[in-house]
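Biologist: I am new to reading protein structures. Could you walk me through this one, step by step?

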Amino acid sequence: MTLGEVLAGASGYLAERGIESPRLDAEHLVARALGLSRIELYTQHDRPLDASERAAARELVSRRGRREPLAYVLGDWGFRRLTLATDARALVPRPETEVVVDRCLALIEPLRAPRVVDVGTGTGAIALAIAHERPDAIVTATDLSSDALALAAENARALGLAVTFVESDLLAAVEGSFDLVVSNPPYVRRGELDELEPEVRDWEPRKALVDDGQTARLAAEARAHLDGDLVLEVHADHAGEIASMLAELGYEPPAISRDLAGRERVVEARWRPTPTG
Ligand SMILES: C[S@@+](CC[C@H](N)C(=O)[O-])C[C@H]1O[C@@H](n2cnc3c(N)ncnc32)[C@H](O)[C@@H]1O
């Protein structure tokens, strides 16, 4: 069998299994199995594959056929300018979260050595992107999941980026004051779980998905740690409601940003502690 035939077979198989972009996924998986770039799949299209190459491709394609997320099967995923290791210990970083980082960078732009904390860091995506794009930032990241933190720490080591990781329920185990508190907290309501794609519902950690009131709790608790901005990624249907909640908690007028698809995704607001003495 040639590489081209294997690719066509993989693409057809993934289409039958309900994968949204079967050809693209097949290209990523076959290229990874063979140690090739996607361009090389085409320059070597007519090359016959040996048995071990076919077995390697089959293994990755059948994992994807079971609806395991592409990022878990590949074991890494791009986020802004970084490539992060990804596996079932943490949520796959999403493109809309890149917009959260844009807002964070804009807000800390005028500050020197800004103190930043990323709450619920998962793979470390937000914390590591900020550390990478603002090398003077002093970045802390928390998560309730020790598995996620282990993965985030592996990513930090591999990328040579300095982030302090703390196992914590939101900010409970964190001390000090920050110029920026950022979070992409879980925001799927329990009743919505069944509507999710199998890749999300059956493979990504429940702790990373289900809204157990973390957003409201963080909005209230962050005030004790903030002399600056709170930036939250939110469910596209809840941005207005969360902006109102922040205003009621005494944050300065909240602003909402949209993601690249035009959905209201990021809510930000400023907290200034009352001067003492
Ligand atoms: C939606 S995921 C976001 C992961 C990552 N920040 C990203 O944007 O890709 C939410 C993360 O919050 C963590 N989490 C959930 N509840 C938490 C809590 N009470 N305290 C700290 N982290 C929590 C989950 O383990 C998960 O890693």
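**A strand residue and a ligand**

Modeller: Happy to! Keep in mind that this is a predicted model. Let us begin at the ligand, where a backbone N or O atom of Gly120 lies 2.8 Å from a nitrogen atom of the ligand.

Biologist: Which other residues have polar atoms close to a nitrogen atom of the ligand, Leu170 and Gln214 perhaps, and at what distances?

Modeller: For a polar contact, look for N or O atoms within 3.5 Å of each other. A polar backbone atom of Leu170 is 2.7 Å from a ligand nitrogen. With Gln214 the side chain takes part, placing an N or O atom 3.3 Å from a nitrogen atom of the ligand.

Biologist: How much of the ligand's accessible area does the protein cover?

Modeller: On its own the ligand has 590 Å² of accessible area, and the protein covers 96% of that.

Biologist: Which residues come nearest to the ligand?

Modeller: There are 19 residues around the ligand, and those coming nearest are Gly120, Asp143, Asp169, Leu170 and Asn184. By character, the shell has seven nonpolar, eight polar and four charged residues. Helix H10 (206-209) and helix H11 (214-222) each contribute at least two residues to this shell.

Biologist: Now for strands. Where is Ser183 found?

Modeller: Ser183 belongs to strand E6, which spans residues 178-183. A useful general idea is that side chains in a regular strand alternate between the two faces of the sheet.

Biologist: Is Ser183 buried or exposed?

Modeller: To decide, compare the relative accessible area with a cut-off: buried means under 20%. Ser183 has 2%, so this residue is buried. Its strand fits that picture, as six of the six residues in E6 are buried.

Biologist: Which strands does E6 pair with, and in what sense?

Modeller: Strands pair through bridges, so we look for bridges on E6. Strand E3 (residues 115-119) pairs with E6 in the parallel sense over four bridges. Strand E7 (residues 226-233) also runs parallel to E6, joined by five bridges.

Biologist: What are the partners of Ser183 in these pairings?

Modeller: Val119 stands opposite Ser183, while in E7 the bridge partner is Leu232. The side chain of Ser183 also has a polar atom 2.7 Å from the backbone oxygen of Val119.

Biologist: Which residues does Ser183 touch, leaving out those up to four places away in sequence?

Modeller: Ser183 touches Asp118, Val119, Leu218, Val231, Leu232 and Glu233. Try finding Val119 and Leu232 in the view, since you have already met them as partners of Ser183.

Definitions and conventions: Residues numbered from 1 in each chain as written. Predicted model: local features only at pLDDT ≥ 70, side-chain atom pairs only at ≥ 80, totals over all residues. Heavy atoms only, no water. Buried < 20%, exposed > 50% of the residue type's maximum accessible area, 1.4 Å probe, protein only. Polar contact = N/O pair within 3.5 Å; in protein donor to acceptor, adjacent residues only side chain to side chain. Contact = heavy atoms within 4.5 Å. Near = heavy atom within 4 Å. Areas by Shrake-Rupley, 256 points an atom, 1.4 Å probe, with all protein chains shown as cover. Nonpolar A, V, L, I, M, F, W, Y, C, P; charged D, E, K, R; others polar. Pairing = 2+ DSSP bridges.
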